[in-house]
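Please open the structure in a viewer and keep the selection panel at hand. The tour below proceeds from one selection to the next.

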Amino acid sequence: MRNSLKLSAILILAAAVMGACRGSTVAPNAADAPKHEPRAVTDDMGRRVTVPAAVTRVVSLAPSVTEMIFAVGAGDRLVGVTTFCNYPEQARSIAKIGDTMTPNMETIVALRPDVVFVSSASQLEGFTKLLEQNGIAVYVIDPQSLPDLYGKSLRQLGTLFDKYDDASRLADSLERRHRDICRITNGCAGRAEGGTGPAAVRVFVQVSREPLFTVGRSSFLSQVIRDAGGILATENVETAFPKLSKETASALNPEVLILSDSEDNKEPNDAFKNAPAVKNGRVYRVNADLISRPGPRLIDALEQIAMDLHPEKFR
Amino acid sequence: MATYLTTVRKNDPKLNYLLVGGGLLLLLIIVLFGAAMLGAERLPLFDLTEQQRSILFDIRLPRILLGACVGASLAVAGAGLQSLLRNPLAEPYLLGVSNGAALGTMLAFVYFQSFEWARPLLAFAGAGAATVAVYRMARSRTGMNVERLVLSGVIVTTFLSSVIVMLTTLLDAAKLRSFTFWLLGDLSQSTMNGVYISCGALLVGTLVMTSQAKALNLMMVGERDAFDFGVEVGRVRLLVFGAASLVVGAAVAASGSVGYVGLIVPHLVRLTVGTDNRYVIPFSAIVGGIFVVFADTVARTAIAPRELPVGAITALIGAPLFIYLLRKN
């Protein structure tokens, strides 16, 4: 009995000390300036999200989202990013809240953001309730294609951050660059018919060498490859990032191999040793960060892939 | 079937073993051929193109052969350890042998990726180190008892699991992805080199294990009785642990942690032919091979052209089968 009394006294004391520490570390700042009427904005999933008039403190739970926020000129409002967020350089010095699938909720709440940006339905499901209980708005940015990105996501971000002019300038420039590529490759129209012109190059995207992961039809890269004047050799695989049978890979005979460039994915899988792509030296490496993030730099990936697929058209 | 065979055995044991062994070998051959004909790509029986030959000989056959050797290895290790420890639950996983091998493979993967032999060598070292650790923890002033040994095995297993989980968390994302697949048991990275290493280790391990079969038979009665019959208990223990570490190390380095094989296969074999280790060990090798090749064929074809990890299939078949056997007895 006496012991348990002692224990609870210690616990109460510890809680008090921790409470005091917490109070002193989270200092008030300019973000607490009077906020006017909250307003409602629409996110990429069509949800109505109520945010303060001035959004000044935000947390990003995905590298692509971090890149978008910097690109619309609101990078200085990011108070928390994931450990994967390595671009632009300034993102590295922002407080880390964990990685995309296992962010630390205590860290996020302690940062007292107005809005937390998530990039997928699973994140939305996992974290929304807890964040909203703490009075933090959750906003989904999940562009499914380049037109989605410049036509919707970036412009809505501009509205949210009151940076509409910067955002639409960026969106216009992405749209222009996309149109230029489409004009050159003539590849952007074919989606609805499920096929492109006879010039379409059969492309295999190798996400990792061992085990062999690739992309399928549901991946945003499927459309990027089409826009670049190619077609995924794995177009009839439904999953976005399937682990593919090597037998199937070997029988696909891709004309071009694109390797998502990372330490353990420098060379084609052995299954491709007789593929035309390897025999004709048509193996290209694309920076893994460009090719795996549906953000503003996806246009760079598109331009590079288009030039790799159709060098003759870019002379 | 078990009761039928028991009655036959009374009449002519030799003939009975010959029949069962021959039948199992025939079944293994049938399963190997069936597996070779099935896959994500449909291959004709004759007149293969160069590409189809490459699919069959460079991709499919190495994987099937490796599956057979991995299955046989795990089953042989399970059969030996169960007899040695007189515990039907003893198997490479419970005793930390597999996790030791997994940790060794993982370290090789992170630090010595360019050196091809590093994976099997470190896996064997890991399996051996885990075994030695368990063995030493289990020894006390009063000698070794089985409960203590199994308890030590559980402790080493869970400790190594935590180390593995910690390492996967610290590894970067690209490596993590290949590892989560590998930890579940995955045969998709089979090469002929892997086949030579794993099947070579299996051959040596099975010969050593079978050579100790008579001693193991006596030790199943009790270590003291075995000692009275002139069995060098310490030497048998060392050889069986060594053989188990060798085959499990090679199997885990090649395919990760394929579960349930070491547990379920020796049980099935004992139910069919009795407990004589001179037969249980080699028969377990054959049945283990059949089981894993069958499971991997399902893994390769069920959702083709995508793939499942073989460890998920062995567990899916193994767990209900084990419960059924438990209830039946």
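Begin with B:Asp276, which sits in the loop between helix H12 (261–273) and helix H13 (277–301) of chain B. The model is a predicted one, and every stop on this tour should be viewed accordingly. With a relative accessibility of 15%, B:Asp276 counts as buried, because the class covers residues under 20%. Display its surroundings next: apart from neighbours within four places in sequence, B:Asp276 is in contact with B:Tyr17 and B:Asn217.

**The interface of chains A and B**

Now select both chains and show the residues at which they meet. In this interface, 23 residues of chain B are in contact with 23 residues of chain A. The two chains bury about 2100 Å² between them, and carbon and sulfur atoms account for 51% of that area. The rule finds 13 residue pairs in polar contact across the interface, both residues being at pLDDT 80 or more. On the side of chain B that touches chain A, the elements giving two or more residues are helix H3 (50–85) and helix H7 (173–183) of chain B. Colouring this side of chain B by class shows ten charged, seven nonpolar and six polar residues.

**Salt bridges between the chains**

How many salt bridges does the rule find across the interface of chain B and chain A? There are five. For one salt bridge between the chains, select A:Lys273 and B:Asp58, whose side chains meet at 2.5 Å, N to O.

Then move to A:Lys243 and B:Glu307, a salt bridge in which the closest N and O atoms are 2.7 Å apart. A:Lys243 belongs to the loop between strand S9 (230–232) and helix H8 (246–252) of chain A, and B:Glu307 to the loop between H13 and helix H14 (310–328) of chain B, so the pair joins two chains. Buried or exposed: which describes A:Lys243? A:Lys243 is buried, its relative accessible area being 4%. B:Glu307 likewise counts as buried, at 8% relative accessibility.

Extend the selection to the network of salt bridges that links A:Lys243, A:Glu247, B:Arg60, B:Arg63, B:Asp186, B:Asp296, B:Arg300 and B:Glu307.

**Within chain A**

A search of the whole structure finds 27 salt bridges over all chains. For one within chain A, select A:Glu67 and A:Arg293, where the closest N and O atoms lie 2.7 Å apart. A:Glu67 is in helix H2 (residues 63–71) of chain A and A:Arg293 in the loop between helix H10 (288–292) and helix H11 (298–309) of chain A, so this pair ties together parts 226 residues apart in sequence. Both A:Glu67 and A:Arg293 are buried, with A:Arg293 at 8% relative accessibility.

Keep A:Arg293 selected and add A:Asp289: these residues also form a salt bridge, with closest N and O atoms 3.4 Å apart. A:Asp289 is partly exposed, having a relative accessible area of 23%.

**Confidence along chain A**

Finally, colour chain A by pLDDT. Its mean is 86, and 85% of the residues reach 70 or more. Among the elements of chain A, strand S4 (residues 78–80) has the highest mean pLDDT, 97, and helix H1 (residues 2–25) the lowest, 50. Select residues 17–35 of chain A, over which pLDDT stays under 50; the model has eleven contacts beyond four places in sequence for them. Residues 191–195 of chain A also stay under 50, with eight such contacts. Where pLDDT is low, predicted coordinates should not be read in detail.

Definitions and conventions
Residues numbered from 1 in each chain as written. Chains lettered and ligands numbered in written order. Heavy atoms only, no water. pLDDT = per-residue confidence, 0-100. Helix = DSSP H or I, 4+ residues; strand = E, 2+ residues; numbered from the N terminus. Contact = heavy atoms within 4.5 Å. Buried area = accessible area lost by both parts, 1.4 Å probe. Salt bridge = Lys/Arg side-chain N within 4 Å of Asp/Glu carboxyl O. Polar contact = N/O pair within 3.5 Å; in protein donor to acceptor, adjacent residues only side chain to side chain. Nonpolar A, V, L, I, M, F, W, Y, C, P; charged D, E, K, R; others polar. Buried < 20%, exposed > 50% of the residue type's maximum accessible area, 1.4 Å probe, protein only.
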